[in-house]
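Let's take a walk through a protein model and follow its charged side chains. Have the picture ready and find each residue as we get to it.

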Amino acid sequence: MVGFLDSVEAEYDTRNLYEVLGISKTAKQSDIKRAYHKLSLKVHPDRAKPDEVEAATRKFQIICKIYLILSDEDKRSVYDDTGTVDDDDDDLTPDRDWNEYWRLLFPQVTIEDVFDFEKKYKGSEEEAECLKTAYLDFKGDMDKIMDEVLCAVIEDEPRFRGLIAQWIAEGSVPSYPLFVDETDKKRKKRKRKYDNEAKEVEKMSKELGIDDEGEDGLKALIQAKQKTREKELGTFFDKLEQKYASKKTKKSKQSTNITEDGEIDEEEVSVKKGKGTRKGKRASTRHKT
């Protein structure tokens with residue numbers, strides 16, 4: 001029989017329960033619950049695509065069990081002291097209804113709650129920190145970054161690219177080739193993926209009978225996002241130029257130029273970091289459609 005920690009390692013590539021939740025061993029109960037809630041929203045089976053439900057269910061059940069262990073003073077103490085868990089513990093039985101366990105811990109989330117959270121989260125310091133961490137973890141791979149940041153949709157990509165471009169110009173993050181040299185083909189493929197997902201959501205809303213304008217705010221949200229997508233992409237680079245083009249970095253008397261077409265002057269970045277110059281190379285941050 002496969003032990004619980006073996007299952008954790010199989011799904012999350014670590015046997016450390018704290019690492020799975022992204023917290024330290026000294027985390028308070030409130031921090032543990034917050035981390036568990038955030039991760040559970042990401043892997044909850046109800047939010048998974050049809051072909052990913054089985055994998056999501058495994059991940060969801062595992063983090064529910066992790067929270068059960070770490071939220072129990074005695075179980076957590078045993079794990080901290082020995083690095084093991086009791087696989088015979090009745091509380092960890094696979095027959096348990098973990099969805100019900102989750103619902104007991106967290107009130108039912110309405111679509112209004114989701115919109116309210118999204119409104120507060122987008123543009124927050126927490127979102128920016130999550131974006132920066134994802135950028136560093138995935139070496140600038142925008143496909144993985146977009147999947148990692150909570151509540152991220154394709155309309156957020158120009159804003160994300162602007163923030164990352166600013167951090168590169170300031171020297172707070174490195175300039176990864178996967179980001180600055182991303183091809184148009186890869187960007188268009190990512191956009192098609194999100195567009196297809198939006199169509200699936202709209203189809204599901206019709207199947208569920210959400211056809212009237214504004215009902216539950218769902219269809220209205222889909223239509224509003226479709227109408228504003230091109231407008232947002234069209235105005236993004238104007239805003240980027242106004243905000244950052246004349247801004248000077250604190251680390252150098254020279255400014256790192258973000259050109260009129262939304263590009264970072266990689267030559268100047270290289271000089272500042274002591275890496276020499278590469279004439280004529282520019283790192284495009286334009287979101288091309």
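**Following the charges**

Start at Lys-122, which is partly exposed, with 22% relative accessible area. Keep in mind that you're looking at a predicted model. Lys-122 has a partner: it forms a salt bridge with Asp-156, and the closest N and O atoms of the two are 2.4 Å apart. Where does each partner of this pair lie? Lys-122 is in the loop between helix 7 (111–121) and helix 8 (125–137), while Asp-156 is in the loop between helix 9 (142–148) and helix 10 (157–170), so the pair ties together parts that are 34 residues apart in sequence. Asp-156 has a relative accessibility of just 7%, so this residue counts as buried.

What's behind pairs like this? Side chains of opposite charge can pair when their charged atoms come close.

Now hop over to Glu-127, which forms a salt bridge with Arg-159; here the closest N and O atoms are 2.7 Å apart. This pair also links distant parts of the chain, with Glu-127 in helix 8 and Arg-159 in helix 10, 32 residues apart. Is Glu-127 buried or exposed? At 2% relative accessibility, Glu-127 counts as buried. Arg-159, on the other hand, is partly exposed at 28%.

Next up is Asp-143, whose salt bridge partner is Arg-190, with 2.7 Å between the closest N and O atoms. Asp-143 sits in helix 9 and Arg-190 in helix 12 (residues 184–207), so to speak a link between distant parts of the chain, 47 residues apart. Here the acid is the partly exposed partner, at 28% relative accessibility, and Arg-190 is buried, at 3%. These two don't stand alone, either: they belong to a network of salt bridges that also links Asp-141, Glu-157, Arg-161, Glu-182, Lys-186 and Arg-187. Across the model, the count comes to 25 salt bridges.

Let's finish with some charges grouped in another way. Asp-86, Asp-87, Asp-88 and Asp-90 form a negative surface patch. You'll find Asp-87 in the loop between helix 5 (73–82) and helix 6 (98–105), and its relative accessibility of 41% makes it partly exposed. Now look at Lys-75, over in helix 5. Lys-75 and Asp-86 are eleven residues apart in sequence, and their C-alpha atoms are 8.5 Å apart in space. Which residues does Lys-75 touch, leaving aside its neighbours within four places in sequence? Lys-75 is in contact with Leu-68, Ile-69, Asp-89 and Asp-91.

How values were computed
Residues numbered from 1 in each chain as written. Predicted model: local features only at pLDDT ≥ 70, side-chain atom pairs only at ≥ 80, totals over all residues. Heavy atoms only, no water. Patch = residues over 30% accessible without salt bridge, like charges linked within 9 Å, V, L, I, M, F, W, Y side chains within 5 Å. Areas by Shrake-Rupley, 256 points an atom, 1.4 Å probe, with all protein chains shown as cover. Salt bridge = Lys/Arg side-chain N within 4 Å of Asp/Glu carboxyl O. Lys, Arg positive; Asp, Glu negative; His and termini not counted. Charge placed at Lys NZ, Arg CZ, Asp CG, Glu CD. Helix = DSSP H or I, 4+ residues; strand = E, 2+ residues; numbered from the N terminus. Buried < 20%, exposed > 50% of the residue type's maximum accessible area, 1.4 Å probe, protein only. Contact = heavy atoms within 4.5 Å.
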